[in-house]
Amino acid sequence: MKPVDHYFLNQKEPYQSIMLYVRSVILKALPEVTEHFRYNIPFYHIGKKPLLYLNILKGRDYVDVAFVHGVLLEDEFPILRNDNKRKQVRSIPLKSLEDLDQENFEALLRLAAQHLKTHKKAWFL
């Protein structure tokens with residue numbers, strides 16, 4: 001079993017269901033994405049560049065779907081938040097599956113991937 005699979009299966013509910021669902025949406029919407037296990041959490045890359053990661057922050061009651069350079073996307077997708085005062089990362093907090101608007105999330109994934117592919121130098125400010 002891959003470390004990322006082990007990670008998902010060891011999560012408590014409702015986090016496990018949320019993460020597995022988000023994972024399936026990511027892999028379906030972005031066939032070119034690769035899944036990695038870095039810093040003890042699942043990361044999703046386009047080529048060698050990190051696009052987003054899934055995490056459960058200590059002391060929080062939600063799954064943090066974090067876009068590595070989400071600051072560049074927050075104007076078009078106001079669902080992205082900066083609750084932890086992070087410079088580049090913006091995220092979507094998910095307490096339940098119902099909190100995810102799949103169509104909007106897929107559009108966000110595609111735009112984030114497009115930015116990563118076309119703005120290689122500007123993407124990593």
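**Helix α2, a cavity and Val89**

User: How many residues does helix α2 have, and how far does α2 reach from its first C-alpha to its last?
Analyst: This is a predicted model, where local features need pLDDT of at least 70, side-chain atom pairs count only at pLDDT 80 or more, and totals for chains, interfaces and linings use all residues. Residues are numbered from 1 along each chain as its sequence is written, and side-chain values use heavy atoms, without hydrogens and water. Helix α2 (a DSSP run of H or I, at least four residues, numbered from the N terminus) covers residues 15-29, and the expected span is 21 Å at 1.5 Å a residue, taken as 1.5 Å times one less than the number of residues. The helix has 15 residues and reaches close to that, 21 Å.

User: Which residues of α2 are buried?
Analyst: Buried means under 20% relative accessible area, with a 1.4 Å probe and protein chains only. In α2 these are Tyr15, Gln16, Ile18, Met19, Val22, Arg23, Val25, Ile26 and Ala29.

User: Is Val89 buried or exposed?
Analyst: Val89 sits in the loop between β4 (63-67) and β5 (90-94); strands are DSSP runs of E, at least two residues. Its relative accessible area is 14%. Val89 is therefore buried.

User: Which residues is Val89 in contact with, leaving aside its neighbours within four places in sequence?
Analyst: Contact means heavy atoms within 4.5 Å. For Val89 the partners are Tyr53, Ala66, Phe67, Val68, Gly70, Arg81 and Asn82.

User: What separates the C-alpha atoms of Val89 and Phe43?
Analyst: Along the chain, Val89 and Phe43 are 46 residues apart. Their C-alpha atoms are separated by 13 Å.

Note on methods
Buried < 20%, exposed > 50% of the residue type's maximum accessible area, 1.4 Å probe, protein only.
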